[in-house]
Amino acid sequence: MFLHCDPLVLAPVMVAAPAEAPVSLDEAKAHLRVEHDEDDTLLAVMIDAATQSLDGRTGTLRRCLMRQTWRVDLPGFPRSGTIPLPLFPVVSISVTYTDTSGAAVDLVADEAMLRQTVGGPVVRRPAGIEWPPTAVADDAVRITCVCGAAAAAEVPAPIRSAILLMVGDLYRNREIGTSGSQAVIGARLAPYRRGLV
């Protein structure tokens with residue numbers, strides 16, 4: 001028995017978190033004009049908080065900022081031949097599926113192609129090639145996606161600037177309140193927001 005239908009893409013699972021933040025501690029300290037080391041731990045937490053509020057599947061921007069790896073599981077290949085990916089930007093993919101005998105099989109590059117579309121990245125089968133049948137399992141198809149920028153300098157400057165503003169807000173206003181910089185942050189981030197896929 002096998003599944004070859006139009007399955008929903010399940011929520012992605014993070015396999016490897018980013019190794020660095022889009023903004024360094026030194027950049028944040030220079031932005032804030034902090035010349036001592038007493039608040040380094042606090043500032044590192046604030047950089048993480050600001051970054052996490054924007055980054056990944058649950059972040060405000062719904063995009064991956066720094067290089068990270070995610071896995072998307074599906075119960076089978078779709079009839080349509082196209083699998084939308086709920087992550088952005090996707091740099092590379094690998095596709096593994098469980099065949100009808102229960103063996104794990106890796107698709108080669110010419111059997112599954114990453115394509116960037118207006119709606120976001122998708123995995124497509126090449127013309128004339130059918131998706132193979134799979135076993136019945138929630139994770140019969142596993143797509144591993146490498147996403148985000150390889151270096152902080154590749155993250156768009158408005159996003160990095162917004163993170164610095166957010167860190168500044170957190171550092172100067174340690175209690176809950178309203179800050180005038182929220183409108184500036186929102187304006188800088190607006191072009192980089194993605195809708196839910």
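Begin by selecting the hairpin in which two residues join strand 6 to strand 7. The model under inspection is predicted.

Keep both arms of the hairpin displayed. Strand 6 (113–117) and strand 7 (residues 120–124) are antiparallel, and five bridges link strand 6 with strand 7. To view one of the facing positions, select Gln116 together with Pro121 of strand 7, which stands opposite.

Next, add strand 3 (82–84) to the selection. Strand 3 also pairs with strand 7 in the antiparallel sense, here over three bridges. Two positions are worth labelling: Thr82, whose bridge partner in strand 7 is Arg124, and Pro84, which stands opposite Val122 of strand 7.

With these elements displayed together, the view shows an open, antiparallel sheet of three strands in the order 3-7-6. Strands 3 and 6 form its edges, each pairing on one side only. From one strand to the next, the twist averages 30°. Colour strand 7 by accessibility: four of its five residues are buried, so that this strand is mostly covered.

Now move to the helices and select helix 1 (residues 25–32) and helix 3 (residues 157–172). Their axes lie 10 Å apart and meet at an angle of about 65°, and the crossing is right-handed. To display the contact, show Glu27, Ala28, His31 and Leu32 on helix 1. On helix 3, show Arg160, Leu164, Leu165, Val167, Gly168, Tyr171 and Arg172. Colouring this contact by residue class gives six nonpolar, two polar and three charged residues.

Definitions and conventions: Residues numbered from 1 in each chain as written. Predicted model: local features only at pLDDT ≥ 70, side-chain atom pairs only at ≥ 80, totals over all residues. Heavy atoms only, no water. Pairing = 2+ DSSP bridges. Axes fitted to C-alpha atoms, helices over the stretch in contact; angles between N-to-C directions. Left-handed = near helix turned anticlockwise from the far one by under 90°. Contact = heavy atoms within 4.5 Å. Nonpolar A, V, L, I, M, F, W, Y, C, P; charged D, E, K, R; others polar. Buried < 20%, exposed > 50% of the residue type's maximum accessible area, 1.4 Å probe, protein only.
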